[in-house]
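Here are a few exercises to work through with the viewer open. Try each task before you read its solution.

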Amino acid sequence: NLKSVSLVVIIKMCILPLVALGLAMFFKFTFIETMVAIILFAAPTAVTTYPMADAMGADGEFAQHIVIVTTLLSSVILVFWIAITHYFFT
């Protein structure tokens, strides 16, 4: 599952916030609006993902790994995206 989890984490925590930043710059969002968008898009996967996936017969272990990895990386990734946003908007 390492390859799949890595792909999901890259998409969730790198590509989606980058798209949000690009759209915020295109639509000329203010700094605060952009920060809110970046934090929403770079936030870790919700903890309720695992019990819901498990209850619906999906791959609960895969969901559990995504929740753990995105939660652990979120502190570093969020600081990175906040710094990037601050650089572009100040």
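**Exercise 1. Place Phe41 and describe its surroundings.**

Start with the element: Phe41 sits in helix 2, which covers residues 31–42. Keep in mind that this is a predicted model.

Next, check the cover. The relative accessible area of Phe41 is 38%. Buried would need a value under 20% and exposed one over 50%, so Phe41 with its 38% is partly exposed.

Then look for partners. Skipping neighbours within four places in sequence, Phe41 is in contact with Lys12, Leu16, Pro17 and Ala20. For a distance check, take Leu7: Phe41 and Leu7 are 34 residues apart in sequence, and their C-alpha atoms are 16 Å apart in space.

**Exercise 2. Work out how the buried residues of helix 2 are arranged.**

First, get the dimensions. Helix 2 has 12 residues and spans 16 Å from its first C-alpha to its last, close to the 16 Å expected at 1.5 Å a residue.

Second, list what is covered: Thr34, Met35, Ala37, Ile38 and Ala42 are buried in helix 2.

Third, look down the axis. The buried residues of helix 2 fall within an arc of 165 degrees, so they line one face of the helix. The general rule helps here: an α-helix has 3.6 residues a turn, so residues three or four places apart point the same way.

Fourth, turn to the other side of helix 2, where Ile32 and Leu40 are exposed.

Finally, ask what the buried residues of helix 2 pack against. They pack against helix 1 (2–26) and helix 4.

**Exercise 3. Is Thr70 buried or exposed, and what does its side chain reach?**

Locate it: Thr70 belongs to helix 4, residues 60–89.

Read off the accessibility: Thr70 has a relative accessible area of 0%, so it is buried.

Now follow the side chain, which reaches the backbone nitrogen of Thr45 at 3.2 Å. The cut-off for a polar contact is 3.5 Å between N or O atoms.

Finish with the contacts. Leaving out residues up to four places away in sequence, Thr70 touches Val9, Met13, Pro44 and Thr45.

**Exercise 4. Find aromatic pairs and say how covered their members are.**

The count to aim for is 3 aromatic pairs. One of them joins Phe80 and Trp81, with 5.2 Å centre to centre and 70 degrees between the planes. Planes over 60 degrees apart count as edge-to-face, and that is how the Phe80–Trp81 pair is classed.

Compare the cover of the two rings' residues: Phe80 is partly exposed at 44% relative accessibility, whereas Trp81 is buried at 5%.

Tyr87 and Phe88 form an edge-to-face pair as well, at 5.4 Å centre to centre and 75 degrees between the planes. Here Tyr87 is exposed at 62% relative accessibility, while Phe88 is partly exposed at 44%.

**Exercise 5. Sum up the whole chain.**

Begin with secondary structure: there are 4 helices and 0 strands, and the order from the N terminus is α-α-α-α.

For the dimensions, the C-alpha atoms fill a box of roughly 45 × 20 × 15 Å along the principal axes.

For cover, 26% of the 90 residues count as buried. The accessible surface comes to about 5900 Å², and 77% of that belongs to carbon and sulfur atoms.

Last, the contacts: among those with a separation of 6 or more, 73% link residues 24 or more positions apart.

Definitions and conventions
Residues are numbered from 1 along each chain as its sequence is written. This is a predicted model: local features need pLDDT of at least 70, side-chain atom pairs count only at pLDDT 80 or more; totals for chains, interfaces and linings use all residues. Side-chain values use heavy atoms; hydrogens and water are left out. Helices (H or I, at least four residues) and strands (E, at least two) are DSSP runs, numbered from the N terminus. Buried means under 20% relative accessible area, exposed over 50%, partly exposed in between (1.4 Å probe, protein chains only). A polar contact is a pair of N or O atoms within 3.5 Å; within protein, one must be able to donate a hydrogen and the other to accept it, and residues adjacent in sequence count only if both atoms are side-chain atoms. Contact means heavy atoms within 4.5 Å. Accessible areas come from the Shrake-Rupley method with a 1.4 Å probe; for residues, only the protein chains shown count as cover. Rings of Phe, Tyr and Trp (its six-membered ring) pair if their centres lie within 6.5 Å; planes under 30 degrees apart count as stacked, over 60 as edge-to-face and the rest as tilted. The expected span of a helix is 1.5 Å times one less than its number of residues. The arc is that of the directions from the helix axis to the C-beta atoms.
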